[in-house]
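User: I am new to this structure and would like to learn how to read its features. Could you take me through them in order?

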Amino acid sequence: MTYEEFFDLCSRLLRPLHCSCDDGEDFQDPPLDVLRYEVRAVRLHWIPVVGRALSVVAIVHQPRDVTATAASHRELLLRVARAVHGRYPPWPSGGPGFVVGLTTVVVTTDPVTPSDEQFLPLALPSPSRTRVVPMGLIRVNLEQEAFAFAIGPSPQDLFPEAVTLADGFSQVLGRFVPPLDLE
């Protein structure tokens, strides 16, 4: 699967949720390459100050220093949370709300294995010092056409992006695809 096909798949899955696409950005220290953001305003409450939030899907390249462990992916989520916090500042300084529900899609060249589904849920606890709440973490290997995911406890009716992506990816991508040993 190519990047263009993958981005098209993400857009098709998120379009019915009224997400809009924003360009990504690149950070040098610590390294983070955000390929694109999918963003949607969320209404949490009828009081405007309290009730405004944002749902963000960040599609990122897996940095070289991130390994297939829960601690490493927890650090990656903190990097992504900082990038999202900087890109979408809180209200009243111009942003859409105090809370951001974040789904992170990590595009990796490392093989997706059954162990991914075991360590990904351990990486999901909320990063401290940010207003970003992780809703889901999805690892995708486009060459292998495989993915693994973890979805955190969240109000799925308000932040359905993680479940929508996982369901849609399962129709196209495989899970736990070991390499064939033809010898």
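Analyst: Let us begin with burial. A residue is called buried under 20% relative accessible area, exposed over 50%, and partly exposed in between, using a 1.4 Å probe and protein chains only. Two remarks on the source apply throughout. This is a predicted model, in which local features need pLDDT of at least 70 and side-chain atom pairs count only at pLDDT 80 or more, while totals for chains, interfaces and linings use all residues. Residues are numbered from 1 along each chain as its sequence is written, and side-chain values use heavy atoms, with hydrogens and water left out.

User: Is Thr104 buried or exposed?

Analyst: Thr104 counts as buried because its relative accessibility is 0%. A contact means heavy atoms within 4.5 Å. Leaving aside residues up to four places away in sequence, Thr104 touches Ala58, Val60, Leu77, Val80, Gly136, Leu137 and Ile138. By contrast, Asp29 has 74% relative accessibility and therefore counts as exposed.

User: Where in the fold are Thr104 and Asp29 found?

Analyst: Secondary structure is read from DSSP runs numbered from the N terminus: helices are H or I runs of at least four residues, and strands are E runs of at least two. Thr104 belongs to strand β4, residues 99-107. Asp29 is in the loop between β1 (20-27) and β2 (32-43). The C-alpha atoms of Asp29 and Arg79 are 9.8 Å apart, although 50 residues separate the two in sequence.

User: How many helices and strands does the protein chain have, and in what order do the elements run?

Analyst: The protein chain has five helices and six strands. From the N terminus on, the order is α-β-β-α-β-α-β-α-β-β-α. Of its 183 residues, 46% count as buried. Among contacts with a separation of 6 or more, 68% are between residues 24 or more positions apart.

User: How should I read strand pairing, and which way do β1 and β2 run?

Analyst: Two strands pair if DSSP finds at least two bridges between them. β1 and β2 run antiparallel and are joined by seven bridges. These two strands form a hairpin, with four residues between them. Within this pairing, Glu25 has Val34 of β2 as its bridge partner. β2 also runs antiparallel to strand β3 (residues 52-61), with ten bridges joining them; there, Arg40 is partnered with Ser55 of β3.

User: What does the length of helix α5 show?

Analyst: The expected span of a helix is 1.5 Å times one less than its number of residues. For the twelve residues of α5 (residues 161-172), the expected span is 16 Å, and the end C-alpha atoms are 17 Å apart, which agrees. An α-helix has 3.6 residues a turn, so residues three or four places apart point the same way. The buried residues of α5 are Glu161, Ala162, Leu165, Ala166, Gly168 and Phe169. They pack against α1 (3-14), β2, β3, β4, β5 (132-141) and β6 (146-151).

User: How many salt bridges does the structure hold?

Analyst: A salt bridge is a side-chain nitrogen of Lys or Arg within 4 Å of a carboxyl oxygen of Asp or Glu. The structure holds seven of them. In one, Arg87 meets Glu25, with the closest N and O atoms 3.4 Å apart. Arg87 lies in helix α3 (residues 70-87) and Glu25 in strand β1, so this pair ties together parts that are 62 residues apart in sequence. Arg87 is partly exposed at 29% relative accessibility, and Glu25 is partly exposed at 23%.

User: Which residue forms a salt bridge with Glu161?

Analyst: The partner of Glu161 is Arg40, and the closest N and O atoms are 2.6 Å apart. Because Glu161 lies in helix α5 and Arg40 in strand β2, the pair ties together parts that are 121 residues apart in sequence. Both Glu161 and Arg40 are buried. Elsewhere, Asp65, Glu75 and Arg79 are joined into one network by salt bridges that share partners.

User: How many disulfides are found?

Analyst: A disulfide is a pair of cysteine sulfur atoms within 2.5 Å. The search of the whole structure finds zero. Cys21 is thus an unpaired case: the nearest cysteine sulfur, that of Cys10, is 9.7 Å away.
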